[in-house]
Amino acid sequence: TGARVNETRRKINKIKTSIEQLRVKKSMLQEGKHTDEELQQFEAREDELFSEFELAKQDYKINFANLRGMRSEIEHIQKLMEKSKKVLLKQFGEWFELMKRQQKGGALTTAAVASSRGPTHERSRPTSSRSEPPPAKSDYSPSPNAGVDRDVEAFLLAKKQMLARLGK
């Protein structure tokens, strides 16, 4: 769409230049000897160019509006990605601290695992003596970056394994 906007802008400028050149020729013709037929040809050509100019201007406005809409969508997606990144980093930090405590000999508790699960709405559910099943894979939507996806999948797998060990 950006290429279309630029292409249309070039077309508009070319048409403007053609109209200006035609008007200069027309004024030069009017100073000298001329026929009405010659003037009518210039006026007809000027009308054609002006019609092309109006069509190109409408096309430019439509393409520019589409481009502006795409920009706002991109900004929205970028904000969502930043928010998801912060949540993921927070969850990973909690999980990592839990793993460090486990390696130091600290026992994993159901409460500690529940705190590593993420969003508050999951933690606010009443806990039973059994551990809850790990979050479904559908909780994660893939990013366009395969490296990030592998890291997230490894994190979720490790979290699932940890929860499975607690739920024996």
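## Reading salt bridges along helix H2

Tutor: Let's start with a pair: in this predicted model, the side chains of Glu97 and Lys100 form a salt bridge, at 3.3 Å from N to O.

Student: What's the general idea behind a pair like that?

Tutor: Side chains of opposite charge can pair when their charged atoms come close. Here the cut-off is 4 Å between a side-chain nitrogen of Lys or Arg and a carboxyl oxygen of Asp or Glu, so Glu97 and Lys100 count as a salt bridge at 3.3 Å.

Student: Okay, and how far apart are Glu97 and Lys100 along helix H2?

Tutor: They sit three residues apart, so about one helical turn separates them.

Student: Are those two buried, partly exposed or exposed?

Tutor: Glu97 is partly exposed at 36% relative accessibility, and Lys100 is partly exposed too, with 32%.

Student: Which residue meets Glu54 in a salt bridge?

Tutor: That's Lys57, with an N to O distance of 3.8 Å. Again we're in helix H2, with three residues, or about one turn, between Glu54 and Lys57. On accessibility, Glu54 comes out at 28%, which makes it partly exposed; Lys57 is partly exposed at 30%.

Student: And what about Glu48?

Tutor: Glu48 pairs with Arg45 through their side chains, at 3.2 Å from N to O. Those two are also three residues apart in helix H2, so picture about one helical turn between them. Glu48 is partly exposed with a relative accessible area of 45%, and Arg45 is partly exposed at 35%.

Student: How many salt bridges are there by this rule?

Tutor: The count is eight.

Student: Which residues are linked in a network of salt bridges?

Tutor: Arg23, Lys26, Glu43 and Glu46. Let's zoom in on one of them, Glu46.

Student: Where does Glu46 lie, then?

Tutor: In helix H2, which covers residues 36–103.

Student: Is Glu46 buried or exposed?

Tutor: Buried: its relative accessible area is 14%, and the cut-off for that label is under 20%.

Student: Which residues does Glu46 touch, if I skip those up to four places away in sequence?

Tutor: Leu22, Arg23 and Lys26. Now put that next to the network: Arg23 and Lys26 are in it along with Glu46.

Student: Let me try a recap. Glu46 is buried at 14% and belongs to a salt-bridge network with Arg23, Lys26 and Glu43, whereas Glu97, in its pair with Lys100, is partly exposed at 36%.

Tutor: That's how to read it.

Key
Residues are numbered from 1 along each chain as its sequence is written. This is a predicted model: local features need pLDDT of at least 70, side-chain atom pairs count only at pLDDT 80 or more; totals for chains, interfaces and linings use all residues. Side-chain values use heavy atoms; hydrogens and water are left out. Helices (H or I, at least four residues) and strands (E, at least two) are DSSP runs, numbered from the N terminus. Buried means under 20% relative accessible area, exposed over 50%, partly exposed in between (1.4 Å probe, protein chains only). Contact means heavy atoms within 4.5 Å.
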